[in-house]
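Here are some short exercises to work through with the model open beside you. Try each task before reading its solution.

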Amino acid sequence: MDQASMDALYRTYGSMVLRRARTLLGDDHAAQDMVQEVFMKAIRAFPGFRGESSLTTWLYQVTTNHCLNAIRDGARRRRALERRMPAEEPISSSAEDRVGVEELLRQLPRELCEVAIYYYVDQMNQDEIAELLGISERTVRNRLKEFREAARERLGAPEEAAG
Amino acid sequence: MRAELNFSKRLRDESCLSDLVLDRLVAGESPARPDPAAVEQHLGSCAVCSARLDELRRDRSLAAPMLAAGRRRHTVLRRRRFLLAAAPALLAAAATLLLLLMPRLREHLPERIKGGGNGAALLLDVAVRHADGKVEALQPGGRVRPGDMVRFIVSTARPGHLVIMGLDTAGKVTVYVADGEAPRAIDRGARQVMPGSIVLDATLGAERLVALECDLRFNLADAVDAGRRQLDRASRDPRRTGPLGLPGCFEAAMVMDKRE
């Protein structure tokens, strides 16, 4: 892929990847780094890209996977840091929420997290998620149900009827 | 631009268009599902999705500075990572190259200073008078001819006992500077010209000139034997010969290349 193609790819899809990374990671710098990681992967994978899905769809999946990896890795590192340096300042409620959500994404099985991200963050409907992940709508429904139950248990999130 | 990570409720109804569909529109892709006409129709009738599409389009221009900043930082990090990652390989390559070149380096690098741990030093300079009358300072690995005349100039930081020998490809050790059967006493001082000139013989090839200065009087035969041992260890290649290693002694050496 030449420089001009890379620039065009970046211009077209960069803001989309950045927005999703900021939402999922909650940190501007981490999101900026994530954009670079995603595009490096895109550039490496581009020669083998078969066009079976659109680039947008493919980048959605790559970003989701990389962000989930980062959240799981970050939670591990934060715990190690907290063991060595106990926090003296009280944590804000929004930060607590954020930590709670990240813990949820870290603890729950990956396939539940993916479905929840597409459903709640990207506002996809269930058949869209089923198509994206290559699973049945029933499986999507079951995974969402399982995720909601786990979230309610851990975060006290209100129950929401499945669509 | 920034959304909270909220897993308790959806922002839009399931009948609305997802961010994926809207992002594809912003990127100029044509979504296969729902079909473009249905998308168009929904956007015309749904204020929420229409507003979200506008928001994503605005995002694209607003994100440009952040994307540029990330790209710049990433370029720097990649360079650092490359250097960090490449460092072991570069060091290994440098070490290999050094080992491969060591015989040639020995040949060309000056070995005028070798000393013990007390900071003293010994320097050996060699002046050559060629057959045409031209006089020049011998460079490490410098070319000489049989019949050329050489003189030795020694600089030393301490008084001691000196011998200068030649180790050649025939395995022979020739004493050039001594005091009879004993080493020559030398005072501390710079650029001390040793008496007499040496006319180079017909033995061709490299010859290592070694100045050995010891703080105590020593047996000349011991120095000669040490020279022979080193030549044998180096398969009679004076360019690869190591230091004589006599205790309490400093060494300085230089290789000359004798050819017709």
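## Exercise 1: A charged pair around a buried glutamate

B:Glu213 has a relative accessible area of 0%, so this residue is buried. The model is a predicted one, and the exercises below work from it.

Task: find which residue forms a salt bridge with B:Glu213, and say what parts of the chain the pair ties together.

Solution.
- Step 1. The partner is B:Arg158, with the closest N and O atoms 3.8 Å apart. The cut-off for a salt bridge is 4 Å, and the pair meets it.
- Step 2. Now place the two residues. B:Arg158 lies in the loop between β4 and β5 of chain B and B:Glu213 in strand β10 (residues 205–214), so the salt bridge ties together parts that are 55 residues apart in sequence.
- Step 3. Check the burial of the arginine. Its relative accessibility is 13%, so B:Arg158 counts as buried.
- Step 4. Look for a ring beside the arginine. B:Arg158 also lies over the face of B:Phe250, 3.7 Å from the ring centre.

## Exercise 2: The disulfide

Task: locate the cysteines that are joined by a disulfide, and describe their link.

Solution.
- Step 1. A search of the whole structure gives 1 disulfide over all chains.
- Step 2. This disulfide joins B:Cys214 to B:Cys249, with an S to S distance of 1.9 Å.
- Step 3. The link between B:Cys214 and B:Cys249 is right-handed, with 105 degrees about the S-S bond.
- Step 4. B:Cys214 belongs to strand β10 and B:Cys249 to strand β11 (residues 249–258), so the pair links distant parts of chain B, 35 residues apart.
- Step 5. Both B:Cys214 and B:Cys249 are buried.

## Exercise 3: A salt bridge between chains

Task: explain why the salt bridge of A:Arg19 and B:Asp19 joins two chains, and decide whether each partner is buried or exposed.

Solution.
- Step 1. The side chains of A:Arg19 and B:Asp19 meet at 3.9 Å, N to O.
- Step 2. A:Arg19 sits in helix α1 (residues 3–25) of chain A, while B:Asp19 sits in helix α1 (residues 19–26) of chain B, so the pair joins two chains.
- Step 3. Burial is taken as under 20% relative accessible area. A:Arg19 is at 5% and therefore counts as buried. B:Asp19, at 2%, counts as buried too.
- Step 4. For contrast, turn to another salt bridge, that of B:Arg239 with B:Asp237, whose closest N and O atoms are 3.1 Å apart. B:Arg239 is partly exposed at 32% relative accessibility, whereas B:Asp237 is buried at 15%.
- Step 5. Widen the view. Salt bridges that share partners join A:Arg19, B:Arg12, B:Asp19, B:Asp23, B:Arg52 and B:Glu55 into one network. Over all chains, the search finds 15 salt bridges.

## Exercise 4: Rings

Task: how is the aromatic pair of B:Phe152 and B:Tyr176 arranged, and where does each ring lie?

Solution.
- Step 1. The structure holds 5 aromatic pairs over all chains. In the pair of B:Phe152 and B:Tyr176, the centres are 5.8 Å apart and the planes 25 degrees apart, and the arrangement is stacked.
- Step 2. B:Phe152 is in strand β4 (residues 149–156) and B:Tyr176 in strand β6 (residues 173–177), 24 residues apart in chain B.
- Step 3. B:Phe152 counts as buried at 2% relative accessibility, and B:Tyr176 counts as buried at 18%.
- Step 4. Elsewhere, A:Tyr119, A:Tyr120, A:Phe147 and B:Phe7 form one aromatic cluster.

Methods:
Residues numbered from 1 in each chain as written. Chains lettered and ligands numbered in written order. Predicted model: local features only at pLDDT ≥ 70, side-chain atom pairs only at ≥ 80, totals over all residues. Heavy atoms only, no water. Phe/Tyr/Trp six-rings, centres within 6.5 Å; stacked < 30°, edge-to-face > 60°. Helix = DSSP H or I, 4+ residues; strand = E, 2+ residues; numbered from the N terminus. Buried < 20%, exposed > 50% of the residue type's maximum accessible area, 1.4 Å probe, protein only. Lys NZ or Arg CZ within 6 Å of the ring centre and 35° of its normal. Disulfide = S-S within 2.5 Å.
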